[in-house]
Each structure stands twice: as C-alpha cells, then as structure tokens.
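This report covers the salt bridges of one chain. The partners and their exposure come next.

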Amino acid sequence: MKLAIILATAILIVIASYFSARALTLQGLMDETSIFDDFEDVDGTWLYSDKIGAAAASGVERARVAIGGPLGLSSKEAVYFVATRDDQGAPLQSNCVYRVTGQPIDTRWWSLTLYDSETQHYVPNAQNRSSWNSVSVLRGEAGDWVINVGPAPLDAPWLPSQEVPDKSFELMLRVYNPSPETRAVLPNIELPEVERLSC
C-alpha cells in the first residue's frame with residue numbers, strides 16, 4: 001500500500017511538472033519581448049543579433065528559432081541582419097517599391113531573402129523567387145549590386161513582395177562564414193541601403 005502511494009505521488013509530480021514546463025514554454029514562445037526583440041538596431045534599418053544559434057541562447061530562444069525556421073544556422077556559420085524598415089524609418093510594406101543597393105561583403109557567401117512578417121514564411125509568387133544571393137545577383141565591376149523589391153514585375157533582379165496591399169514584410173541578410181576581418185567589426189559592416197521609390 002505504501003509503495004502504491006509513493007508511486008502515485010511520483011506520477012502526479014511528473015505530470016504536474018510536464019504541464020507546468022509546457023505552460024512556461026508556451027508563454028515564452030508567445031512573449032514578443034523574447035529573442036526577436038533582442039536584435040540590436042545597427043543603423044535604423046538593419047537589426048542584428050549574435051544570439052541566433054549561439055550557445056548562450058536560452059531554451060525558449062532556441063525553440064523560437066526552431067519555430068521561425070528561417071533563423072536556423074549556428075552563429076559560427078552565419079550571422080543575420082533583418083530589415084523591417086526602409087532608410088527613412090518607415091515599415092516595409094507590400095504596396096511600395098524599394099531599391100536595395102549593396103556593396104561587396106567580405107564573406108564566403110551571402111543571401112537576401114524576403115519573408116512575410118506575419119507568417120515568417122516565403123511569399124508565394126509565380127516566379128518562385130524569395131531570395132537572391134552573391135552568386136545569382138548581377139554585380140558591377142566594383143562588386144556593387146541592386147535588387148528591386150515590389151509587388152509587380154520590376155527590372156531584374158526582382159524580389160516579389162505580397163500582391164495584397166498593406167502587408168508587412170522583412171528582408172533578411174544572411175552572411176555565411178564571414179572573414180575574420182568582418183567578424184571583428186560586426187555588426188558595423190557596410191550594410192545595404194533600402195530606398196523606398198514609390199507607394
């Protein structure tokens with residue numbers, strides 16, 4: 001009888017611990033002040049975090065990264081910059097046209113990807129285009145490049161935003177295996193300009 005009571009108590013403790021931990025995890029995942037708001041404002045347009053994929057990230061932060069999907073690699077492999085605003089500080093909106101202008105980045109490879117801010121997923125489009133990268137984008141003699149962003153077809157390279165107006169989106173710049181010189185000055189590298197051309 002005594003053994004049965006001990007066993008039942010142990011089972012109740014395990015069940016209570018499970019649901020308590022689950023509730024705390026869900027609360028942390030829903031907390032908008034968590035990891036995605038810990039990004040450092042670099043220049044008013046681009047945000048940066050060195051906690052993505054880092055050992056210092058908490059369990060909840062890692063869970064949010066896992067759910068967010070697009071932020072998946074270790075900080076030893078890639079660093080991330082996110083733009084949710086243009087160079088004038090206005091939120092990026094699907095009814096506007098933007099020109100993103102960048103300079104060479106001292107890294108093995110980089111990519112610029114557009115995500116729906118609400119779903120955190122790619123924006124469906126007939127071109128099946130969500131990203132351009134350092135290999136696919138046209139570059140000038142000095143390595144400079146331009147990517148046009150908007151809902152309707154634009155001169156290439158074109159990165160389609162949502163066809164539905166007044167939807168917010170974000171641009172993610174992934175910098176893979178940056179050189180030691182680039183890492184030494186992060187996040188203060190020469191980041192792309194995001195210019196709003198029309199709305």
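Glu195 is partly exposed, with a relative accessible area of 34%. In this predicted model, Glu195 forms a salt bridge with Arg99. The closest N and O atoms of that pair are 3.0 Å apart. Glu195 lies in strand E10 and Arg99 in strand E4, so the bridge links distant parts of the chain, 96 residues apart. Arg99 is partly exposed too, at 32%.

The count comes to 3 salt bridges. The table lists them.

| Basic residue | Acidic residue | Closest N and O atoms |
|---|---|---|
| Arg196 | Asp86 | 2.5 Å |
| Arg99 | Glu195 | 3.0 Å |
| Lys167 | Glu118 | 3.9 Å |

Take Arg196 and Asp86, paired by a salt bridge. Arg196 sits in strand E10 (residues 193–198). Asp86 sits in the loop between strand E3 (78–83) and strand E4 (97–102). The two are 110 residues apart. Is each partner buried or exposed? Asp86 has a relative accessible area of 0%, under the 20% cut-off, so Asp86 is buried. Arg196 is partly exposed, at 37%.

Lys167 and Glu118 form a salt bridge with closest N and O atoms 3.9 Å apart. That value counts because the cut-off is within 4 Å. Both partners are in loops: Lys167 between strand E8 (158–160) and strand E9 (169–178), Glu118 between strand E5 (107–116) and strand E6 (131–133). They are 49 residues apart. Lys167 is partly exposed, at 31% relative accessibility. Glu118 has 63%, over the 50% cut-off, so Glu118 counts as exposed.

Conventions
Residues are numbered from 1 along each chain as its sequence is written. This is a predicted model: local features need pLDDT of at least 70, side-chain atom pairs count only at pLDDT 80 or more; totals for chains, interfaces and linings use all residues. Side-chain values use heavy atoms; hydrogens and water are left out. A salt bridge is a side-chain nitrogen of Lys or Arg within 4 Å of a carboxyl oxygen of Asp or Glu. Helices (H or I, at least four residues) and strands (E, at least two) are DSSP runs, numbered from the N terminus. Buried means under 20% relative accessible area, exposed over 50%, partly exposed in between (1.4 Å probe, protein chains only).
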